[in-house]
Amino acid sequence: MGGRRVAHPASGRRTGLPRQAAFAVLLVAALATGRAVEGLMPVDDETEAPFERTGGVGDRVETRWGDVEVTSVAGSTRIEDPHGTIHVTGGVYVVVDWTYTAAGEPQVPTYVAIRDAEGREFRTSVERNPYSSGGAAQPGIPRRVSAAIELPADAVDGARLIVTLQPNPEDHRRDDIAVIDLGLTGDDAGAWAASDEPVEVAGAADGPGDAP
Amino acid sequence: MTESGGRLRRLGSRAPRQHLPLAGSAAGAIVLAVLVAGGFDPMEKPAAEVEPLAVGESVDLGPFVVTADRLRVVDELPGVSEGDDGTRVLALVATVTATGTTTQYGAMLSESVALDGVPGVPADGDGPVPADAVYVMADGTRLDAVQPGLEYEVALVWEQDVRADAPSEARLVLVGRTLRESSIDRSMEWLDPAPVVAGDLEVTAPAEEES
């Protein structure tokens, strides 16, 4: 027994270095495997994509956070914003009137944009591309809003309105976004690019408004 | 008792020797893994070369392409130093386009165009002074969003204290950015602002334009 106890540590020292080296190799292999699996999984593109709720002009598009209904679309090279300032574009201003009804709790749709057929997104701003949500809309009470966005004339054909809550596109993952086909064509683009009649952009207001 | 005590002494003396190769192997594995993943980023990247400015020549700043046209003194601009006898306005007339597929905001544009060393143009710290604001020449309204696919003729403006002489020449600095993944939230952003083009521009006075 005593002889075995003396011999055993010597045997352990002989096998210790290969075991540590094996540990290091396994650790690197595990890290490399994890990295390869992460690269192969469609995490960024598919599992994090937002849920697009689609419709057309006049459709009530339902989302997790409320309903969106586009009531009218107009265009020109000029707009008059809610403060009475005239804006002139070298492209086309598309002015969308729409109604938003919050679901469950007061909500503010802050991301409003037009997406063209190529996937380019043209967002609203404060002055040049006027849109005001009017603050948080109470659930169940329709909020009438307008958004005017300038874009190149070649972006009008097939343009869609995009509306969702979070201002940062990185935060749209796995959330609902309303995607509404505005029913626009190249003819609309041509007519609006030749028009210098200002289109009025209305401020936000509560209530159903006048029937179209 | 004796056998038990001997066993304890042996374990106590072997423990550091066992942990040393283990820690060394782990450290080596970590260094190897970092090297496999791309290595350590240097803390300081070499400064990019600043090219000379040429009037009328397009400069790719990353999010924008900017073409500087002329720099002029304006007595007053609607909304900027309007009715203010204490300041005058220096305005760079330029054309701007956004390069990407999404809207870029005017704040980033004004931060990308700066004047360097002009007396009476206040700076927050050392170095070039970004433009105070950007206006669209066609209608005089503020450009707070640059839409992709459109070309804008704009005026980038700086207020100058009238107690300083209006400059006859000013050094313009154009600042570029790189589109890369943010280390904070992994989103793609235009980061790492750095001067890419700089040079002196003649400043036109209002009286010279009228004559």
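This passage describes the strand pairing and the nonpolar cores of chains A and B in a predicted model.

In chain A, five strands are arranged as an open sheet in the order β1-β9-β8-β5-β6, and the pairing within this sheet is mixed. Strands β1 (51–56) and β6 (121–123) of chain A occupy the edges, and because each has a single partner strand, one side of each is left without a neighbour in the sheet. Averaged over neighbouring strands of this sheet, and with direction ignored, the turn of one strand against the next is 25°. The partner of β1(A) is β9 of chain A (residues 176–181), with which β1(A) pairs in the parallel sense over 6 bridges; within β9(A), A:Ala178 is the residue that stands opposite A:Arg53.

Chain B contains 12 strands together with 3 helices, and several of its pairings involve strand β3 (residues 64–74), which runs antiparallel to strand β2 (residues 58–60) and is joined to it by 3 bridges. In this pairing B:Val59 has B:Val66 of β3(B) as its bridge partner, while the hairpin formed by β2(B) and β3(B) has 3 residues between the strands and includes B:Gly62, which takes a positive phi near 105°. Strand β3(B) is also joined by 10 bridges to β4 of chain B (residues 87–98), again with the two strands running antiparallel, and B:Ala68 stands opposite B:Ala94 in β4(B). With β12 of chain B (residues 188–204), by contrast, β3(B) pairs in the parallel sense over 2 bridges, and here B:Arg72 stands opposite B:Thr204 in β12(B).

Of the 211 residues in chain B, 26% are buried. When contacts in chain B between residues at least 6 apart in sequence are considered, 68% of them join residues at least 24 apart. The largest nonpolar core comprises 39 residues, and those with the most contacts inside it are B:Leu90, B:Leu92, B:Val154, B:Leu156 and B:Val157. Two or more residues are given to this core by each of β3, β4, β6 (113–116), β8 (133–136), β9 (145–146), β10 (151–161), β11 (169–181) and β12 of chain B, with β4(B) giving the most, namely 7 residues. Strands β3(B) and β4(B), joined antiparallel by 10 bridges, are thus both among the elements that contribute to this core. A second core, separate from this one, has 38 residues and includes A:Val92, A:Ala147, A:Leu151 and A:Ala178; A:Ala178 is also the residue of β9(A) opposite A:Arg53.

Methods
Residues are numbered from 1 along each chain as its sequence is written. Chains are lettered from A and ligands numbered from 1 in the order in which they are written. This is a predicted model: local features need pLDDT of at least 70, side-chain atom pairs count only at pLDDT 80 or more; totals for chains, interfaces and linings use all residues. Two strands pair if DSSP finds at least two bridges between them. Helices (H or I, at least four residues) and strands (E, at least two) are DSSP runs, numbered from the N terminus. Axes are lines fitted to C-alpha atoms, for helices over the stretch in contact, and angles run from 0 to 180 degrees between N-to-C directions. A residue is buried if 20 or more other C-beta atoms lie within 10 Å of its own, exposed if 12 or fewer, and partly exposed in between; C-beta atoms are placed from the backbone. Two residues are in contact if their C-beta atoms, placed from the backbone, lie within 7 Å. A nonpolar core is a set of buried Ala, Val, Leu, Ile, Met, Phe, Trp, Tyr and Cys residues joined through C-beta atoms within 7 Å.
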